[in-house]
Every structure is written in C-alpha cells, then in structure tokens.
Amino acid sequence: MSIPILSVAEMRDWEERTWRSGVLPEAVIGQVGCALAAQILAQTHPGDRVLLVAGRGNNGADVRASAPHLTERVVELVEVKDPVADFPALTQALERNPDLVVDGLFGIGLNRELGEEWCRCLRTLNDSGRPILSMDVPSGLNADTGGNWGAVVMAGFTLTVGAPKRGLLAPSAWNAVGRLQVASGVGLVGMPEGEDGRDWVLAGDFHGFPPRRLVDSHKGSLGKVVVLAGSLGYSGAAVLATRAAGRARPGLLAALVPQEVQLPVSMTVPSAMVHPFAPDHPVLARASAVLAGPGLAAPDLSPAVKSEVLRLWRTFHGVMVVDAS
C-alpha cells in the first residue's frame, strides 16, 4: 500500500502514538538499523570500508544500530557530538577514503541555524568526495521546507524512516537528498493519513501488474497502444516514447508520426507499426490506449496534429496520456 507524505509534526505524533502503544523506541531503532544495514550492504562490496558518522540523536542511534549487521565490511564509527573536539577524528577517518560514508549527524529534530563549527563538519563531508548515504534526512536539511539550517549534507542516497517528509520532496532539496527510499516496515504503528493529501507509491502497489496472461491470449486480445509523437528535429522523442510503450507489453503497438520522421522511427522500433500521420487515422479506431505529445515540438508542426490531439482528448474512451509538448 502507498504511504503518506508527512510533516515533521505528523511524524513526531506518529512516533509518540507508537511509544504510547507499548512499542519501545529501542525496538524501532533496531529495525531501522537492520534496514539501513541492508541498504549499506547493497551499495558496497565485501572488503569495502564503511564510515559511520553518528550524532547525538536518534539518527545517530539508527546508524550505530546498523554496525553489527555490516558483515564482511571494514566498519569505522566516528561519533561527532562536539563539532570542535570530534572534528579531527572525522577528518582522519575521511582521509582513509571510505567507500561509503553514512551520515547520521542530524535528523528531523533540527530546528535552528547551525553554528559555524557544525557547518564546517557538513562541508567537510561534502568536500571529501566520498559517496554519502544519509539516514532519514541529509544532515542540516529542514525536513518541512526543503531549505537548510546553514549547511546541508549532499547525499547520493537518503533512506528515510516510516514515510517521506515534505521537505525531502521540495525542489530545493533534490540535490541534497539524491535517490530517496523509504524504510517503511520498522515497527511504527497506526500510520497517519497525512494532511498533505499526497501518497508515496511503493513497489508493492504494483503487485499483480501486469496481469497474468491466459494461455489462449494473443496479440489481438492484449490491447493496442497508439503513440502520436515526433516532428522534424524531434524524431528521437518518438523513438523513445514508442519503445517505452512497448515495455508496457501491449498486444499491438502502433505509432502515428509526421511523414518526415516516419523512416527513422520505423527503422529503430521494428516492433511497432509506424504510419504517417493523418487525422482520424483508422489505427485509432481499435486503440485501447493513446500516448500523445512526445516530440510534437517543431515550430512548423501541422495544426492538424494539434487538432487531432484535442479531438482525442475530448472523445477517446480508452486510457490517454498527454505529454507536455
């Protein structure tokens, strides 16, 4: 099932309700540590050096909890509780060129500007050039707004706990968050709905898709996709879009393209039936899905193409995806 996108206050409330239900914080931290360790193992190889950087809060506890599960890795733990006293240990550990740095300095509880000493620690992590995996949120990130508290760790991967926080999805946070993944099954109970109204889709939401195909099925019974795409100078968009449509596994695949791009599309996508564009083309009569728009960007594009897309939008009864062009 999909999960909600939460504010910091909603995440805090979820945690408090979990503790009141009798679940111990240590139990959740243990499960988060296991999830983090699994991600670290997936991103490294036996014999690799992993640097765990842990702060005072629960993020630091999560990172420390991962350590016992990091088999066949050279693990070094540096606890940074005082940004001045612990800074030399951090720099020395980075000089040993770890294959992965795990950032657990600050989490969603950070709510004030960082002093220059802490900013120096975060900048040092970034300047090391080592791959960084951040626990829950990149240290220094405002988990509500996507801004930062003076400096922010620039992670290549963020493993967030329970549900995504709003700030992680803000455009201003994208470069700091990197690839985002959710550790959802970590023992928190009674998941809130979230006032944001948006949901984060999990792989499990696609269970059973595409549906099982019966033994006696054939290309005529498995749907037909028509791609209306491409224009002079933008034939690549039609090629990529038609290939992508084929990955959805329709029984039949057709492309309607302007005459000037028919040859490159037909030559590069042999699985598709490529037709020159004509309004109300007969191939549309049997379509169960239509993709319109990729590469319809030439300044001299025929008005008939635009009119046909608009007609389909108003009258087509199947599934229709319309791209920005």
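Here are some exercises with worked solutions on the structure above, which is a predicted model.

**Exercise 1. The chain as a whole**

Task: Find how many helices and strands the chain has, and compare its radius of gyration with that of a compact globule.

Solution:
- Step 1. Start with the secondary structure: the chain has nine helices and 13 strands.
- Step 2. Next, look at the extent of the C-alpha trace, which spans about 75 × 45 × 40 Å along its principal axes.
- Step 3. Now take the radius of gyration. The value for the chain is 26 Å, whereas a compact globule of 325 residues would have one near 20 Å.
- Step 4. Finally, see how the chain meets itself. Of the contacts with a separation of 6 or more, 72% are between residues 24 or more positions apart.

**Exercise 2. Surface and charge**

Task: Work out what share of the residues is buried, what the exposed area comes to, and how many charged side chains of each sign there are.

Solution:
- Step 1. Buried residues account for 46% of the 325 residues.
- Step 2. The chain exposes about 16300 Å², and 55% of that area comes from carbon and sulfur atoms.
- Step 3. For the charges, count 28 positive and 32 negative side chains. The centres of these two sets are 8 Å apart.

**Exercise 3. A helix on the inside**

Task: Decide how far helix H3 is enclosed by the rest of the structure, and name the elements its buried residues pack against.

Solution:
- Step 1. Find helix H3 at residues 58-66.
- Step 2. Pick out its buried residues: Asn59, Gly60, Ala61, Asp62, Val63, Ala65 and Ser66.
- Step 3. Seven of the nine residues are buried, so helix H3 is largely enclosed by the rest of the structure.
- Step 4. Look at what surrounds them. The buried residues of H3 pack against helix H2 (25-43) and against strands S2 (49-54), S4 (100-104), S5 (132-135) and S6 (157-161).

**Exercise 4. An aromatic pair**

Task: The structure holds one aromatic pair. Classify the geometry of Phe106 and Trp118, and say where each residue sits.

Solution:
- Step 1. The ring centres of Phe106 and Trp118 are 4.9 Å apart, and the planes meet at 75 degrees.
- Step 2. Planes over 60 degrees apart count as edge-to-face, so the pair of Phe106 and Trp118 is edge-to-face.
- Step 3. Phe106 is in the loop between S4 and helix H5 (116-127), while Trp118 is in helix H5 itself, 12 residues away.
- Step 4. Check the burial of both, remembering that buried means under 20% relative accessible area. Phe106 has 15%, so Phe106 is buried. Trp118 has 17%, so Trp118 is buried.

**Exercise 5. Buried or exposed?**

Task: Sort Lys165, Pro98, Asp127 and Pro303 into buried or exposed.

Solution:
- Step 1. Lys165 is in the loop between S6 and helix H6 (174-177). Its relative accessible area is 0%, so Lys165 is buried. Beyond its neighbours within four places in sequence, Lys165 is in contact with Ile5, Leu6, Met11, Ile108, Asp136, Ala143 and Thr160.
- Step 2. Pro98 is in the loop between helix H4 (87-95) and S4. Its relative accessibility is 0%, so Pro98 is buried. Beyond its neighbours within four places in sequence, Pro98 is in contact with Arg49, Leu51, Ala93 and Arg130.
- Step 3. Asp127 belongs to helix H5. Exposed means over 50%, and Asp127 has 66%, so Asp127 is exposed.
- Step 4. Pro303 belongs to helix H9 (residues 303-315). With 60% relative accessible area, Pro303 is exposed.

**Exercise 6. Positive phi angles**

Task: Give the phi values of Asp136 and Arg249, then describe the surroundings of each residue.

Solution:
- Step 1. Asp136 is a residue other than glycine with a positive phi, near 70 degrees. Asp136 sits in the loop between S5 and S6, and at 7% relative accessibility it is buried.
- Step 2. Arg249 also has a positive phi, near 65 degrees. Arg249 sits in the loop between helix H7 (235-247) and strand S10 (252-257).
- Step 3. Arg249 has a relative accessible area of 40%, so Arg249 is partly exposed.

Terms used. Residues numbered from 1 in each chain as written. Predicted model: local features only at pLDDT ≥ 70, side-chain atom pairs only at ≥ 80, totals over all residues. Heavy atoms only, no water. Helix = DSSP H or I, 4+ residues; strand = E, 2+ residues; numbered from the N terminus. Buried < 20%, exposed > 50% of the residue type's maximum accessible area, 1.4 Å probe, protein only. Rg over C-alpha atoms; globule rule 2.2 N^0.38 Å. Contact = heavy atoms within 4.5 Å. Areas by Shrake-Rupley, 256 points an atom, 1.4 Å probe, with all protein chains shown as cover. Lys, Arg positive; Asp, Glu negative; His and termini not counted. Charge placed at Lys NZ, Arg CZ, Asp CG, Glu CD. Phe/Tyr/Trp six-rings, centres within 6.5 Å; stacked < 30°, edge-to-face > 60°.
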